[in-house]
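Reader: I am new to this structure and would like a close look at a single part, chain B, together with what can be said about the chain beside it. Could you take me through that part slowly, in one connected answer?

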Amino acid sequence: MRTVLRWVRKWWPGLIPLALLWIWAAWMNTAAWETDLAGRAAAALKNNVLDRANVEADGRDLTLSADAFSEEGRQSALSIVEAVPGARLVRDQTRVVPEAKPFAWSGERDVTRFTLAGNVPSPAIRGRLDDALRSLAGNAEVADHMEYARGAPQRFDAATQILIEQLARLSSGKVALSDSSITLTGMARDLGGREAIADALKKLPDGFAVTENAIQAPPYIFQANKDPVAATVTLTGYVPDNNIHGTIIAAARRKFFSEQIVDNLKASVGSPPGFTQGVVEALGGLSRLSTGALTISDTDVKLAGDAFYDVAIDQIRSELRTDLPQGWHATADITAKPPASSVDPTVCQQLFAELLAKSKIRFESAKATIDRDSAGLLDRMIETAMRCPTAAIEVGGHTDTDGDADANMALSQRRAQAVVDYMVRAGAPADRLKAVGYGETEPVASNDTDEGKAQNRRIEFLVR
Amino acid sequence: MGYFVTFHWMWLAGAALIGLAMGWISIVQRGTGLSKRAMQIAAAILVVAIALSASRVLGPAMSRILPWPGRFGYWLDLGLVMLATYFVGCAIGSWLRERMIWRSAPRS
């Protein structure tokens, strides 16, 4: 022992090069050691579910900062880092993610971007939400501003997946969840989008409730354009289904007797209430214009064009006001077309004949009430009557042989008078118009067939 | 500590070589070396350093003086390990030299 002590007393000079070596080693190794230690700690935490996990080394000491999703997860992460070989002390800067009350989440869409915000309970659910949104977003930008929090309602994952799918149906808007309460605002991308969203929301998991669904649909558009040069009426826009489509086309064919109907209508849900009635009435207004355009946007009706004569303007406006469904609004921007040049009675007769060859003035069955589908034809007849100011015009009523002859005579007289009254109200001079009922005395076809009878039921205009 | 030694093995090998050389030389060096008092002071410093390094309990206590043991702790640990290696090298060097002198000494 004494010998060893004697040796040790003489070892001190070697401490000088040793100190130099120590300084050199510290200089060269500190950064490398810290990088290696932090790297091994981070690798050890790889399988732990943590948010914002970060390990920093300071010498042999490690600082672990992370948000864990449970107390067990937090303790586990600390234990793993403490067990990393070479680590001396672990400074704990971990926490369990805070509990959100209420647990709020939202998804928002604007023209170019989808944004997810609010609370999300775990990285796995966050990943699924991001993936779902990216698959729906196409080329749009996706921004994830969600923050982790505890306290998500049961089946949060399933509910938010459904809500994200609804974002794709919006052109702009927001879907939001607060605990189990859901609100939706914005504009549906397509017609029918609002209804599709409402249907999808029925599949939400139990416990979730929609407290506000303020999704608006794009306007339900129906348009008709009457082009007298091409002799066409072009229908564009939407109709709810094939039945209503057929009804509208049939009404258009009755009202536009001399124009070809160009049908460019598409079927789509989302029509406003009273759509069929509103469209048919508005088409009636258009049929009384020489040229014009009809636009129906939801329940707003805009009719513009030229009427055949001045009085028709007020009549059309009044009819739109009274005959459209309740809650519909009409705007009529109508002027009267310039009066056509006068013609002699022969030409006048010819013009009447041409018009009546295309269609005929119709009445309600066994009555003298003029069918409203004949308004367009009558306006053309009135315009023609005004072009021959010197001529006397006889309006003759005719019937088929069904029923009593005297009754038919009276009916034909009343119908002829109804036409004369209509024309006088429109501004035609009463002294030049005369109503004559011929009953069944002047058939133009056999009364043995329905077709013949239909031809015999007629109004004729005779210029004298 | 095993990983710590493995990571720094080249530097420890250097410390061992210095110790080996110092131990080899010290046997034939003239003089008595450090005084008893100096040896006691050196031993006390060493004990304190080892205590600081070994005790994790001292970590928070040290934080009043230093923000955290951090790099100072690492350098202390490295120095102590190198010192220990140096001493082992010295002991081996001295023992080998002593043995060689004993063998070559004339026998009477």
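Author: A residue counts as buried if 20 or more other C-beta atoms lie within 10 Å of its own, as exposed if 12 or fewer do, and as partly exposed in between. With that cut-off in hand, and keeping in mind that this is a predicted model, one can begin with a single residue of chain B, Ala84(B), which has 16 C-beta neighbours inside 10 Å and therefore counts as partly exposed. Ala84(B) is found in helix H5 of chain B, and although Ala84(B) and Ala15(B) are 69 residues apart in sequence, their C-alpha atoms are 8.8 Å apart in space.

From that residue one can step back to the chain as a whole. Chain B has five helices and zero strands, so that its pattern, read along the sequence, is α-α-α-α-α. Of the 108 residues in chain B, 29% are buried. When the contacts in chain B between residues at least 6 apart in sequence are considered, 89% of them turn out to join residues at least 24 apart.

One of these helices, H3(B), covers residues 36-54 and thus has 19 residues, and from its first C-alpha to its last it reaches 26 Å, which is close to the 27 Å expected at 1.5 Å a residue. Of the 19 residues of H3(B), the number buried is one, and therefore this helix lies largely in the open.

The side of chain B that touches chain A comes next. Here 35 residues of chain B are in contact with 24 residues of chain A. Helix H1 (2-7), helix H2 (9-26) and helix H5 (70-104) of chain B each supply at least two residues of that side, and the largest share of it, 13 residues, comes from H5(B), the helix in which Ala84(B) is found. By kind, the residues of this side of chain B divide into 18 nonpolar, 14 polar and three charged.

Chain A, for its part, contains strands, and two regions of it can be followed in some detail. In one of them, strand S7 (residues 170-178) and strand S8 (residues 181-188) of chain A pair in the antiparallel sense over eight bridges, with Thr185(A) in S8(A) as the bridge partner of Lys174(A). S7(A) and S8(A) form a hairpin with two residues between them, and Asp179(A) in the turn has a positive phi of about 55°. S8(A) also pairs with strand S9 (residues 209-216) of chain A, in the parallel sense and over seven bridges, and there the bridge partner of Ile182(A) is Val210(A) in S9(A). Together with helix H6 (residues 193-201) of chain A, S8(A) and S9(A) make a right-handed β-α-β unit.

The other region is an open sheet of three strands in chain A, with the order S17-S16-S18 and mixed pairing. Strand S17 (433-439) and strand S18 (458-463) of chain A stand at the edges, each with a single partner strand, so one side of each is left without a neighbour in the sheet. On average, and with direction ignored, neighbouring strands of this sheet are turned by 25° against each other. Strand S16 (residues 393-398) of chain A is joined to S17(A) by six bridges, and the two run parallel, with His398(A) standing opposite Gly439(A) in S17(A). Across S16, S17 and S18 of chain A lies helix H12 (residues 405-425) of the chain, which runs at about 160° to S17(A).

Notes: Residues numbered from 1 in each chain as written. Chains lettered and ligands numbered in written order. Predicted model: local features only at pLDDT ≥ 70, side-chain atom pairs only at ≥ 80, totals over all residues. Pairing = 2+ DSSP bridges. Helix = DSSP H or I, 4+ residues; strand = E, 2+ residues; numbered from the N terminus. Axes fitted to C-alpha atoms, helices over the stretch in contact; angles between N-to-C directions. Contact = placed C-beta atoms within 7 Å. Nonpolar A, V, L, I, M, F, W, Y, C, P; charged D, E, K, R; others polar. Expected span 1.5 Å × (residues − 1). Right-handed = clockwise from strand over helix to strand, strands pointing away.
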